[in-house]
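Grab a pencil and work through these short exercises with the model open beside you. Each one sets a task and then walks through a solution.

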Amino acid sequence: MANKFRIKCPSCGKVIDIESNTTCSCGSPLVLPEDGMIEMYRVGNPFGAAVGFGIYLNDIPMGHLANTGLVRIPVPYGHYKVHMTQGMSRRCKDQEFDVTPQNRIVYLKAHVNLGLFTNTVVIEQSTADQMPAK
Ligand SMILES: [Zn+2]
């Protein structure tokens, strides 16, 4: 998988995956924050494989996470809450954490808990060695 980073354009709000600093289609410069990063992996599941998880970072939509997909979001230091949705289901066990100089990269793993009526997306903190090879 290419080393891509997901970023939201500060001008037009478009969510795009880029490899390095570049310019958005709206003309605004896209600069990757260099403080830290949130890396999210979606554990493979044959159910709902076609449905992407909606990613919300501090309640701001950050695109989708495909089945077995990996998304890296570079972020400035700060407090973050990650929420995910699956299709119409907004049920999720959120993760909250701080990105600090001592904790620059936060690894998250997400999977679906299949319920009788509603599926719940579960997000857990993980470690580098638990993430898929790059
Ligand atoms: Zn833009």
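**Exercise 1. Two residues in a loop**

Find the loop that holds Asn58, then decide whether Asn58 is buried, partly exposed or exposed.

Solution. Keep in mind that you're looking at a predicted model.
- Start with the location: Asn58 sits in the loop between β6 and β7.
- Next, count neighbours. Asn58 has 13 other C-beta atoms within 10 Å, so it is partly exposed; 12 or fewer would have made a residue exposed.
- Now check the backbone: phi of Asn58 is near 50°, a positive value in a residue other than glycine.
- Why bother flagging that? Because most residues other than glycine have a negative phi.

Now do the job again for Asp59: what is its phi, and how many other C-beta atoms lie within 10 Å?

Solution.
- Asp59 lies in the loop between β6 and β7.
- Its phi is positive too, at about 70°, although Asp59 is not a glycine.
- Asp59 has 7 other C-beta atoms within 10 Å, so this residue is exposed.

**Exercise 2. Put the strands in order**

Work out the strand order of the open five-stranded sheet and say which strands stand at its edges.

Solution.
- Trace across the sheet and you get β8-β5-β12-β13-β10, with mixed pairing.
- β8 (70–75) and β10 (92–93) each have a single partner strand, so one side of each has no neighbour in the sheet and these two are the edges.
- Now zoom in on β5, residues 36–42. Six bridges tie β5 to β8, and the two run antiparallel. For a landmark, Met37 has Pro74 in β8 as its bridge partner.
- Look at β12 next: β5 pairs with it in the parallel sense, over six bridges. Here Glu39 is bridged to Tyr107 of β12.
- How enclosed is β5? Five of its seven residues are buried, so the rest of the structure largely encloses β5.

**Exercise 3. Dig out the core**

Name the residues with the most contacts inside the largest nonpolar core, and say which strand supplies the largest share of it.

Solution.
- This core has 20 residues, and Met40, Met84 and Ala110 have the most contacts inside it.
- Several strands chip in: β5, β6 (53–57), β7 (60–65), β8, β9 (78–86), β12 (105–113) and β13 (120–126) each supply at least two core residues.
- The largest share, four residues, comes from β12.
- Take Met40 as a test case. Leaving out residues up to four places away in sequence, Met40 touches Ile55, Leu65, Val71, Leu108 and Ala110.

**Exercise 4. Step back to the whole chain**

How many helices and strands are there, and what radius of gyration does the chain have?

Solution.
- The count is zero helices and 13 strands.
- For 134 residues, a compact globule would come out near 14 Å; the chain has 15 Å, which agrees.
- Along its principal axes, the C-alpha trace spans about 45 × 35 × 25 Å.
- Buried residues account for 22% of the 134 residues.
- Finally, take contacts between residues at least 6 apart in sequence: 54% of them join residues at least 24 apart.

Definitions and conventions: Residues numbered from 1 in each chain as written. Predicted model: local features only at pLDDT ≥ 70, side-chain atom pairs only at ≥ 80, totals over all residues. Pairing = 2+ DSSP bridges. Core = buried A, V, L, I, M, F, W, Y, C linked by C-beta atoms within 7 Å. Contact = placed C-beta atoms within 7 Å. Rg over C-alpha atoms; globule rule 2.2 N^0.38 Å.
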